[in-house]
Amino acid sequence: MGLKLHNTLWRKKEEFQPLDPNHVRMYVCGPTVYDFAHIGNARPVIVFDVLYRLLKRLYPKAKVTYVRNVTDIDDKINDRAAANSETIRNLTDRTLKQYREDMLALLTFPPDHEPRATEFIEPIIRIAQKLIDKGHAYAAEGHVLFNVPSMPDYGKLSGRNRDEMVAGARVDVAPYKRDPADFVLWKPSRDDQPGWDSPWGRGRPGWHIECSAMAMELLGESFDIHGGGLDLIFPHHENENAQSCCATGSWPMARYWLHNGMLNFGSEKMSKSLGNFRTVNELLRDAPGEALRYYMLTGHYRQPLEWTNEGLKEQKNALDRLYQALQAAGDAPPANEVPLSVMAALEDDLNTPLALSHLHEIASQLNKAADPAEKRRLAGELRAAGAIMGLLQGDAVAWFRWQPAGVASLDETEIAGMIQRRLQARKAKNFAEADRIRDELKSQGVVLEDTAGGTTWKRAS
RNA sequence: GGCCCGGUAGCAAAGUGGCCAUGCAGCGGCCUGCAAAGCCGUCCACGGCGGUUCGAUUCCGCCCCGGGCCUCCA
């Protein structure tokens with residue numbers, strides 16, 4: 001049927017056609033590394049990881065290049081490093097390492113390139129100079145500013161015009177700006193701030209130009225997909241696109257602009273400034289990364305998704321059902337083909353909630369199947385369907401034995417011993433003793449299941 | 001104020017001009033020594049008012065409510 005994606009440029013779904021059928025190129029805005037990532041920050045990472053998997057599957061002969069940048073030069077970083085009395089490099093290295101670990105725990109693939117802004121200072125200066133040469137930017141008091149009126153198409157991506165923006169009370173009109181909407185490409189640094197030598201003196205890049213530079217260096221002047229959160233459309237992506245297009249003379253910078261909706265926490269946008277966030281790192285102590293990932297995919301990526309502690313438990317239970325089906329079927333390798341229903345859902349603008357419902361339908365079929373060979377076939381199908389979304393690749397037994405951090409519980413030898421003693425009691429028809437042992441285990445968070453193949457156990461969630 | 005999204009059962013969340021979403025939770029049954037898991041059945045829906053239509057949760061209009069962006073943000 002072919003991949004369809006909602007393009008923010010036209011505010012509608014359209015068929016995806018790569019510019020180069022042999023090389024599919026995607027850029028996603030990554031983190032500014034000064035603090036732990038919260039679960040809202042993980043949404044684009046998970047969503048575009050699914051898209052990355054899907055692109056690899058849809059274009060098996062093509063190279064798929066996924067770039068996710070790291071912003072390691074920013075005033076928030078400077079402030080935090082100063083507050084911690086540590087070097088900027090120390091702070092950004094440590095935060096980046098943590099970020100990578102957290103994202104890996106969410107079962108996302110690392111991108112093909114993870115460029116750091118500070119390693120692209122030269123291209124940034126080059127683009128700024130080029131924009132000056134072409135009359136789209138000017139230097140003033142150590143700054144380089146992009147001149148918004150020099151670009152007729154400015155505002156097309158975010159759907160707003162210059163006048164509306166200027167009317168916004170939050171625009172800071174510095175005296176050296178030619179136009180109130182003009183924004184910074186390069187700004188001067190004090191001696192105590194990080195800086196690099198440039199034709200305009202020692203300074204550092206503005207917020208948007210790093211992405212233009214890194215995307216251009218790694219993916220070329222125009223590429224296929226540019227992704228990020230809805231809150232980046234304006235000003236970040238609008239400005240990024242403006243810089244790149246005016247520097248290269250081609251429009252747009254990327255053909256498909258994809259934006260994920262926000263995560264709500266208490267029906268308000270989860271954000272660092274509001275303080276209503278949970279970090280990925282702390283959530284990983286409450287639930288396996290796969291449960292966080294599953295929860296994230298229960299909503300369509302463009303819709304807001306309500307994140308609650310109860311919701312996490314519920315979605316972990318839902319994933320339990322899928323692993324339960326796999327466990328009942330015995331282990332089976334993934335099928336080669338992803339079921340059509342699942343592919344169709346994902347190809348329709350990444351409809352992951354619909355795709356997940358198809359996983360549950362397969363699990364139902366599996367649970368109903370009487371023939372072991374049929375069960376195994378369906379288990380393989382379920383694993384293949386899960387794989388395209390980064391789910392159900394783990395061992396079912398291990399899944400059910402996961403336990404939250406810091407919870408003291410019986411070790412596996414003790415549990416096995418108690419199961420043996422209960423088995424003896426059951427053989428002797430001493431059900432009171434058997435039930436007593438089962439209750440004791442239950443009070444320790446261990447749930448038993450007597451199946452035809454013997455007694456198995458799980459940790460209660 | 002400007003621009004843009006939403007409102008679907010107890011909860012979460014897809015989707016469709018006429019028939020079933022799906023999951024979690026609940027209820028009844030089957031299975032089980034009893035459970036658990038699973039299966040079968042079941043309850044509970046499309047914000048309000050109009051319009052178009054043989055038929056509207058779906059299309060159109062108005063209203064109400066919620067959210068996002070408007071130079072920190074995923």
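**Reading a parallel sheet in chain A**

Q: How many helices and strands are there in chain A?
A: In this predicted model, chain A holds 16 helices and 14 strands. Its C-alpha trace spans about 90 × 55 × 35 Å along the principal axes, and 42% of its 461 residues count as buried.

Q: What mean pLDDT does chain A have, and what ipTM and pTM does the predictor give the complex?
A: The mean pLDDT of chain A is 93, with 97% of its residues reaching 70 or more, while the complex receives an ipTM of 0.94 and a pTM of 0.96 from the predictor.

Q: In which order do the four strands of the open sheet lie?
A: As a general idea, strands of a sheet pair through backbone hydrogen bonds, and the pairing may be parallel or antiparallel. Here the order is E4-E3-E9-E10, the sheet is open, and the pairing is parallel. Strand E4 (63-68) and E10 are the edge strands, each of them pairing on one side only, and from one strand to the next the twist averages 20°.

Q: How many bridges join strand E9 to E10, and which residues stand opposite each other?
A: Strand E9 (residues 223-229) and E10 run parallel and are joined by six bridges. Within this pair, Phe-223 has Ala-254 in E10 as its bridge partner, and His-226 stands opposite Trp-257 in E10.

Q: Through which helix does the chain cross from E9 to E10, and is this crossover right-handed or left-handed?
A: The chain leaves E9, passes through helix H7 (residues 233-248) and arrives at E10, making a β-α-β crossover that is right-handed.

Q: Is strand E10 mostly covered or mostly open?
A: In a regular strand, as a general idea, the side chains alternate between the two faces of the sheet. In the present case, strand E10 (residues 254-260) is mostly covered, since six of its seven residues are buried, although E10 is an edge strand of the sheet.

Q: Which strands does helix H6 lie across?
A: Helix H6 (residues 209-219) lies across strand E3 (23-28), E4 and E9, and it runs at about 160° to E4.

Q: What share of the contacts in chain A join residues at least 24 apart?
A: When the contacts between residues at least 6 apart in sequence are taken, 72% of them join residues at least 24 apart.

Technical notes: Residues are numbered from 1 along each chain as its sequence is written. Chains are lettered from A and ligands numbered from 1 in the order in which they are written. This is a predicted model: local features need pLDDT of at least 70, side-chain atom pairs count only at pLDDT 80 or more; totals for chains, interfaces and linings use all residues. A residue is buried if 20 or more other C-beta atoms lie within 10 Å of its own, exposed if 12 or fewer, and partly exposed in between; C-beta atoms are placed from the backbone. Helices (H or I, at least four residues) and strands (E, at least two) are DSSP runs, numbered from the N terminus. Two strands pair if DSSP finds at least two bridges between them. A crossover is right-handed if, with the strands pointing away from the viewer, the path from the first strand over the helix to the second runs clockwise. Two residues are in contact if their C-beta atoms, placed from the backbone, lie within 7 Å. pLDDT is the predictor's confidence in each residue, from 0 to 100. Axes are lines fitted to C-alpha atoms, for helices over the stretch in contact, and angles run from 0 to 180 degrees between N-to-C directions.
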